[in-house]
Amino acid sequence: MLKLAGIIILMFGCIGLGINKVSEEKRRIRELREIRNIVVRIQNEMVYGKRTLPEICLILGRNSTEPYSDTFMNIFQRLEENDGTVLDNIWKEQLKNCMEDMPLGEEEKNILISLPEHMGIMDGAMQAADIGQSLDLLTSHIAKTETEYENKAKVIMSVSVMAGLFLVIWLI
C-alpha cells in the first residue's frame, strides 16, 4: 500500500513538472504578445500621436498589464524627476528588473530593453521604421514560438511521464 502511494506521488510529481514547463512555454508566448502590443503602442503614439517618450510611458503605465504598468510608471516618474540620468539608463534598468523572472530568452528581452536606442533620431519616420524592425523581429519570434509550442508540449509531457516511469521502475 505504501509503495502504491509512493508510485502515485512520484508519477504526479513528474507529470506536474511537465505541466509546469508547458505552462512556462504558454507564458512565454503570452509575454511576447504583450511586448509586441507595447511596441505597437509606442510606435503608434510616436507616429500618430506625436507624443514624447515620457508621455508614452505615462500612457503605457496607465494602460498596460502588470508588471509593465508599474515599470512604465516608474520610468515616467524618474524622467519627471529630471535628476540627470539618461533615458537609456533608466529604461534599461527598469525593464531589466521587470523582465528578470520572465521565461524569455535574452534576445527577446533585449528587443524591448534596447528600444530607446531607436528613439534618438529626430525624424519620426525613421524612428517608426527602426521600431518597425523591432516589431518584425518580435513577430517572427512569436510565430516561431507558437509553431514550436505543440511539439515542445508533447515532448515535455512525454519526457516527464517517461521519467516518472523510469524512476518508479528503478525504485521498485
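# Briefing: a six-helix predicted model

Of the 172 residues of the protein, 40% count as buried. The coordinates come from a predicted model. The protein contains six helices and zero strands, and its elements follow the order α-α-α-α-α-α from the N terminus. The points below treat the overall dimensions, the nonpolar core, helix α2, and several individual residues.

**Overall dimensions and surface**

- The radius of gyration of the protein is 22 Å, whereas a compact globule of 172 residues would have a value near 16 Å.
- Along the principal axes, the C-alpha atoms of the protein occupy a box of roughly 70 × 30 × 20 Å.
- The accessible surface of the protein amounts to about 10300 Å², and carbon and sulfur atoms hold 58% of this area.
- The protein carries 19 positive and 25 negative charges, and the mean positions of the two sets lie 7 Å apart.
- Among contacts in the protein with a separation of 6 or more, 65% are between residues 24 or more positions apart.

**Nonpolar core**

- The largest nonpolar core comprises 31 residues, and Ile42, Trp91 and Leu112 are those with the most contacts inside it.
- At least two residues of this core come from each of α1 (2-47), α2 (53-63), α3 (68-81), α4 (87-98), α5 (106-113) and α6 (124-171).
- Helix α1 gives the most to this core, namely six residues.
- As general background, nonpolar side chains tend to be buried together in soluble globular proteins.

**Helix α2 and the loop that follows**

- Helix α2 has as its buried residues Leu53, Ile56, Cys57, Leu58, Ile59, Leu60 and Gly61.
- The cover over the buried residues of α2 includes α1, α3 and α4.
- The loop between α2 and α3 holds Pro67.
- The peptide bond from Glu66 to Pro67 is cis, and its omega is near 0 degrees.
- In general, most peptide bonds are trans.

**Buried polar and charged residues**

- Ser69 belongs to helix α3.
- Ser69 has a relative accessible area of 7% and therefore counts as buried, the limit being under 20%.
- With neighbours within four places in sequence left aside, Ser69 is in contact with Leu60, Gly61 and Ser64; of these partners, Leu60 and Gly61 are among the buried residues of α2.
- Glu31 lies in helix α1, the helix that gives the most residues to the largest nonpolar core.
- Glu31 is likewise classed as buried, because its relative accessible area is 11% and the limit is under 20%.
- Once neighbours within four places in sequence are set aside, Glu31 is in contact with Tyr68, Met102 and Leu104.

**An exposed methionine in α6**

- Met162 is situated in helix α6, one of the helices that supply at least two residues to the core.
- Met162 counts as exposed because its relative accessibility is 53%, and exposed means over 50%.
- Met162 and Glu117 are 45 residues apart along the chain, and their C-alpha atoms are separated by 47 Å.

Conventions:
Residues numbered from 1 in each chain as written. Predicted model: local features only at pLDDT ≥ 70, side-chain atom pairs only at ≥ 80, totals over all residues. Heavy atoms only, no water. Core = buried A, V, L, I, M, F, W, Y, C linked by side-chain atoms within 4.5 Å. Buried < 20%, exposed > 50% of the residue type's maximum accessible area, 1.4 Å probe, protein only. Helix = DSSP H or I, 4+ residues; strand = E, 2+ residues; numbered from the N terminus. Rg over C-alpha atoms; globule rule 2.2 N^0.38 Å. Contact = heavy atoms within 4.5 Å. Areas by Shrake-Rupley, 256 points an atom, 1.4 Å probe, with all protein chains shown as cover. Lys, Arg positive; Asp, Glu negative; His and termini not counted. Charge placed at Lys NZ, Arg CZ, Asp CG, Glu CD.
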